[in-house]
Amino acid sequence: MEFIQQNWYWAALAAVSGTLLVITSVRGSRGISPAQATQLINRDDAVVIDVRDAGEYAAGHLLNAQHIPLGELEKRLGELDKLKDKPVILNCQSGNRSATACGILRKAGFTQVHDLEGGIAAWEQAGMPISRSKKKK
């Protein structure tokens, strides 16, 4: 007990890190790498949904990605109903907003939802192609 009192900061750090590990395990991360995303797109005809803002999307996005900003996703779920049993890959700039979007789609009954780990930044870093064409709905 004396050890913990003298090293309370290490005990607190261990508790926080353990809690985060448990939360991540329970949440069931389904992040995929750019290479895995490419396989899903090519082999399983996965649909890509970009949840970034319009300006970010216009600056460059994955080929054939649908653009639905995160703030509009719940309102526009009806547009995606036909995709409930198809592979869906969500992406944003770094992976944070797309992780939130994955949770929204899972709650709505989507069965094959994947988060592009590292977002479009990781996609570009992997040397994957980027489109700068007008957005597709």
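## Starting with two strands

In which sense do β2 and strand β3 pair, and over how many bridges? The two strands pair in the parallel sense, over 2 bridges, with β3 covering residues 66-67. One of the residues involved is Asp-50, whose bridge partner in β3 is His-67. Keep in mind as you look around that this is a predicted model.

There's a helix to add to this picture too. Together, β2, α4 and β3 make a β-α-β unit, and that unit is right-handed.

## The whole chain

Let's zoom out. The chain has 137 residues, and 36% of them count as buried. You'll find 7 helices and 5 strands in it. Start at the N terminus and the elements run α-α-β-α-β-α-β-α-β-α-β-α.

How do distant parts of the sequence meet up? Take the contacts between residues at least 6 apart in sequence: 67% of them join residues at least 24 apart.

## The sheet

The 5 strands form an open sheet, with parallel pairing, and their order is β1-β5-β4-β2-β3. At the edges sit β1 (31-32) and β3, each of which pairs on one side only. Helix α6 packs on this sheet, where it touches β4 and β5 (113-116). Compare directions and you get about 175° between α6 and β5.

Now back to β2, which also pairs with β4 in the parallel sense, this time over 4 bridges. Across from Val-47 you'll see Val-88 of β4. Follow the side chains along β2 and they split into two groups: Val-47 and Ile-49 point one way, while Val-48 and Asp-50 point the other way. Are these four buried or exposed? All of them are buried.

## Two nonpolar cores

In soluble globular proteins, nonpolar side chains tend to be buried together. Here, the largest nonpolar core has 17 residues, and the members touching the most other members are Ile-49, Leu-73, Leu-80, Val-88, Leu-90, Leu-105 and Phe-110. Two or more residues of this core come from each of β2, β4 (88-91) and α6 (96-107). The largest share belongs to α6, which gives 4 residues.

Phe-110 is a nice one to click on. Setting aside neighbours within four places in sequence, Phe-110 is in contact with Leu-77, Leu-80, Leu-83, Lys-84, Val-88 and Leu-105. There's also a second, separate core, made of 13 residues, and Leu-40, Leu-62, Leu-116 and Trp-123 are among them.

## An arginine on the inside

Where is Arg-52? Look in the loop between β2 (47-50) and α4 (54-59). Why does Arg-52 count as buried? Buried means under 20% relative accessible area, and Arg-52 has just 2%, so it falls in that class.

Who surrounds this arginine? Not counting residues up to four places away in sequence, Arg-52 touches Tyr-57, Gly-60, His-61, His-67, Pro-69, Asn-91, Cys-92, Gln-93, Arg-97 and Ile-120. You've met His-67 already, as the bridge partner of Asp-50. In addition, a polar atom of the Arg-52 side chain lies 3.2 Å from the backbone oxygen of Glu-56.

Conventions. Residues are numbered from 1 along each chain as its sequence is written. This is a predicted model: local features need pLDDT of at least 70, side-chain atom pairs count only at pLDDT 80 or more; totals for chains, interfaces and linings use all residues. Side-chain values use heavy atoms; hydrogens and water are left out. Buried means under 20% relative accessible area, exposed over 50%, partly exposed in between (1.4 Å probe, protein chains only). A polar contact is a pair of N or O atoms within 3.5 Å; within protein, one must be able to donate a hydrogen and the other to accept it, and residues adjacent in sequence count only if both atoms are side-chain atoms. Contact means heavy atoms within 4.5 Å. A nonpolar core is a set of buried Ala, Val, Leu, Ile, Met, Phe, Trp, Tyr and Cys residues joined through side-chain atoms within 4.5 Å. Two strands pair if DSSP finds at least two bridges between them. A crossover is right-handed if, with the strands pointing away from the viewer, the path from the first strand over the helix to the second runs clockwise. Axes are lines fitted to C-alpha atoms, for helices over the stretch in contact, and angles run from 0 to 180 degrees between N-to-C directions.
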